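Colleague: I'd like to go through this model with you and hear the reasoning behind the labels. Can you take me through it?

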Amino acid sequence: MSAQPVHHGDGGPPPLPRTQNAVAAALPPADRMEFHREVGEADETDLLGVLRRWWLRAATR
């Protein structure tokens, strides 16, 4: 048995985790403030949608 290297798709960075902390860290400061405001104001039914929308924005930067 030989060791195989681990490849991440096309050699780019690993995918952005879908967590509040990872999304916030990937955003520029001005967007990060707005992200935290929206997350803080979202109720339990809206929270996942807010996180998903900001994750998409952060992942495409």
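**Salt bridges and burial**

Modeller: Let's start with Asp31, which touches Trp54, Arg57 and Arg61, leaving out residues up to four places away in sequence. Keep in mind that this is a predicted model.

Colleague: Where does Asp31 lie?

Modeller: Asp31 is in helix H2. Its C-alpha atom is 9.1 Å from that of Trp54, and the two residues are 23 apart along the chain.

Colleague: Why is Asp31 called buried?

Modeller: Buried means under 20% relative accessible area. Asp31 has 18%, so the label is buried.

Colleague: What makes Arg61 and Asp31 a salt bridge?

Modeller: The cut-off is 4 Å between a side-chain nitrogen of Lys or Arg and a carboxyl oxygen of Asp or Glu. The closest N and O atoms of Arg61 and Asp31 are 2.6 Å apart, so the pair counts. This pair links distant parts of the chain: Asp31 sits in helix H2 (residues 29-41), Arg61 in the segment after helix H3 (47-59), with their positions 30 residues apart.

Colleague: And Arg61, is that one buried or exposed?

Modeller: Exposed. The label needs over 50%, and Arg61 has 57% relative accessibility.

Colleague: How many salt bridges do you get by this rule?

Modeller: The count comes to four salt bridges. One of them joins the side chains of Glu38 and Arg53, at 2.7 Å from N to O. Glu38 lies in helix H2 and Arg53 in helix H3, so this pair ties together parts that are 15 residues apart in sequence.

Colleague: How do you know that Glu38 is buried?

Modeller: Glu38 has 17% relative accessibility. The limit is under 20%, so Glu38 counts as buried. Leaving aside neighbours within four places in sequence, Glu38 is in contact with Val50, Arg53 and Trp54.

Colleague: Why is Arg53 called partly exposed?

Modeller: Partly exposed is the class between the 20% and 50% cut-offs. Arg53 has a relative accessible area of 40%, so that is where Arg53 goes.

Colleague: What makes the Glu38 and Arg53 side chains a polar contact as well?

Modeller: Here the cut-off is 3.5 Å for a pair of N or O atoms, one able to donate a hydrogen and the other to accept it. The two side chains come to 2.7 Å, so they make a polar contact too.

Colleague: What about Arg37 and Glu41, how do they meet?

Modeller: Their side chains meet in a salt bridge, 2.7 Å from N to O. Arg37 and Glu41 are four residues apart in helix H2, so about one helical turn separates them. Arg37 is partly exposed at 38% relative accessibility, whereas Glu41 is exposed at 57%.

Colleague: Which helices and strands does the chain have?

Modeller: There are three helices and zero strands, so along the sequence the pattern reads α-α-α.

Colleague: How much of the chain counts as buried?

Modeller: Of the 61 residues, 23% count as buried. The accessible surface comes to about 4,800 Å², and 58% of that belongs to carbon and sulfur atoms.

Colleague: And what share of the contacts joins residues at least 24 apart?

Modeller: Among contacts between residues at least 6 apart in sequence, 49% join residues at least 24 apart.

Conventions
Residues numbered from 1 in each chain as written. Predicted model: local features only at pLDDT ≥ 70, side-chain atom pairs only at ≥ 80, totals over all residues. Heavy atoms only, no water. Helix = DSSP H or I, 4+ residues; strand = E, 2+ residues; numbered from the N terminus. Buried < 20%, exposed > 50% of the residue type's maximum accessible area, 1.4 Å probe, protein only. Contact = heavy atoms within 4.5 Å. Areas by Shrake-Rupley, 256 points an atom, 1.4 Å probe, with all protein chains shown as cover.
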